[in-house]
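Let's look at this model together and ask what stands behind the words used to describe it. The questions below go from pockets to strands.

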Amino acid sequence: MKIKRILSILLLSAILISSMSCGNTKQPDDTVGGASDKVDDTEPVETEVSDDLPADLKFSGRELRILSTNNTNQANLLVDEATGDVCNDAIYKRNEKIKERFDITMTEISADWYEARDTARTAIMANEDVYDIISVIDREALTFASEGMIYPAEDVENIDLTKPYWNQLLNENMTIGGRKILAYSDMALTTYDFTHILTFNKNMIEELQLESPYDLVESGKWTLDKYAQYVEQATTDLNGDTKFDKEDRYGFVSYAKHIAPCLWISTGCLSIEKNDDDIPVFNMNNEKMLSVIEKAYELSWGNDYWYKTAWDDWFSSLELFTSGHALFNDTTFGDLFGDYYRDMKSDYGVIPFPKYDEQQDTYYSRVEGGCPYFIPVTVNDTSFAGAMMEAMACESYKSVIPAYYEVALKAKFTRDDQSGAIIDMMMQNRVYDWGDTFFCDAVRDGFMASAFINGTPVAASDIEANRPKVELAIQKIVDAFEE
């Protein structure tokens, strides 16, 4: 297994012990949101870093033309005005600073992922120079790259992928044969929004007299077996009608297709790994992966621990958790920004998904995807587009990320310092599994989603039956970049 160890349990313990001993843990309001409504005026502290673009670089009013995929809360690069919202205003100020520094204007077309993909493809195929930078969902971006429709990130003038505002951890996972074709920077917030964590109902933990999940994480005992024990103990037929429905209480809620990948990634498995030549290889049919998938099925379809939603019914799960009908919820950083958590009356905390066992020394968090920005081959002046991507990434690292991460996510949308410490840890241990991202159509949203939507167990034979399809998809991409 090639998931890199990033943070040890000793470091996590130090972080948690420090945060627990500070004496300034935020207390929730008696009704809704708690301290989350009290930090809008907090000014984010800018991080000191700079790009290496020439100080006198100017573009005489040139327009930066952007096409963005708007499938997360903070997906757009432009906002119309300052509103008082900390994230919105950080984005607005970043853009104004970039416009003034380089003497440019900015326009953006924002569309859902199908429309953005089709709009981008149509323009590129017609050889129309109408967008300087484009974002589409990762698997579509990889397809564009394999078809020669984008400039590889590593080849673009004015882009320095070694800088800290380019996501070193995720971008290392995304290389093919050592090449950096696509790359995420802090200009794009989608990989933040798509980072998965578990929220838990603190009131229910106390009611059930269970050990604090924070203590279990700190001690390294937050394991798959402990998670199974907790969801079993929480599950109760509250109305006594012997039929589990929305009136009852569940161990956990989750969108069906996310149950298995959240657990296989947190337990140190990858559906697609890299070999010694940095080539992706399908590696799902092994004893550990099969045991995790079996446990995921047991916790969902094998019992009543999970509220069985329709395949596209995400909000019923969120409503059940925030109304106090589930102990755990599979959620994302982006979900925490919504009104559901703001209005939740019960207190909640944030923890990672469980480890496989106590011998596993790192908690991992899943990034289910993102929308990387790239420069299409129709752009005639790549130096301009590259400079704008570099400057936007750098300025985002300095101002937007502190606003999003420190002020909004950790302060406004969590309710205690332990949650903030957990989020810090998970940011250092994020995993980008190719079968969950680039090739999710073949793996996660393919045979795995079908099984967990229909309640069908996944056996080794099912994985082998789907191997040709997955390997064909991988080979097509590998061949494209070897040509």
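Q: Into which classes do the residues lining the second largest pocket divide?
A: In this predicted model, that lining divides into 11 nonpolar, 4 polar and 6 charged residues.

Q: What makes a lining residue such as Tyr397 count as nonpolar?
A: Tyr397 is one of the residues that lie nearest the centre of the second largest pocket. Tyr is on the nonpolar list, as is Met, so Tyr397 and Met427 both count as nonpolar. Asn and Gln are on neither the nonpolar nor the charged list, so Asn167 and Gln428, which also lie nearest the centre, count as polar.

Q: Which helices supply at least two residues each to the lining of the second largest pocket?
A: They are α5 (168-173), α15 (382-412) and α16. The largest share, 5 residues, comes from α15. About 600 Å³ of space lies in this pocket, and 21 residues line it.

Q: What makes a residue part of the lining of the largest pocket?
A: A lining residue has an atom within 4 Å of a pocket point, and 35 residues are counted as lining the largest pocket, so each of them has such an atom. The closest to its centre are Asn71, Phe194, Tyr255, His258 and Glu368. About 990 Å³ of space lies in this pocket. By class, its lining has 13 nonpolar, 11 polar and 11 charged residues, and α17 gives the largest share, 4 residues.

Q: How do you know that β5 and β10 pair?
A: Pairing needs at least two bridges, and β5 (residues 196-201) and β10 have 4, so they count as paired. The sense is antiparallel. Within this pair, Asn201 stands opposite Tyr348 in β10.

Q: What is the order of the strands in the open sheet of 4 strands?
A: The order is β6-β9-β5-β10, and the pairing is mixed.

Q: Why are β6 and β10 called edge strands?
A: β6 (250-253) and β10 (348-351) each pair on one side only, and that is what the name refers to. From one strand to the next, the twist averages 25°.

Q: How do you know that α16 touches the sheet?
A: Contact means heavy atoms within 4.5 Å, and α16 (residues 417-427) touches β5 and β10, so it has heavy atoms within that distance of both strands. The direction of α16 makes about 25° with that of β10. Helix α16 thus appears twice here: packed on the sheet and among the helices that line the second largest pocket.

Conventions. Residues numbered from 1 in each chain as written. Predicted model: local features only at pLDDT ≥ 70, side-chain atom pairs only at ≥ 80, totals over all residues. Heavy atoms only, no water. Axes fitted to C-alpha atoms, helices over the stretch in contact; angles between N-to-C directions. 1 Å grid on protein atoms, 1.4 Å probe; cavity = no way out; pocket = protein on both sides within 12 Å on 5 of 7 lines; lining within 4 Å. Points joined across faces, edges and corners; volume = space filled by probe spheres on them.
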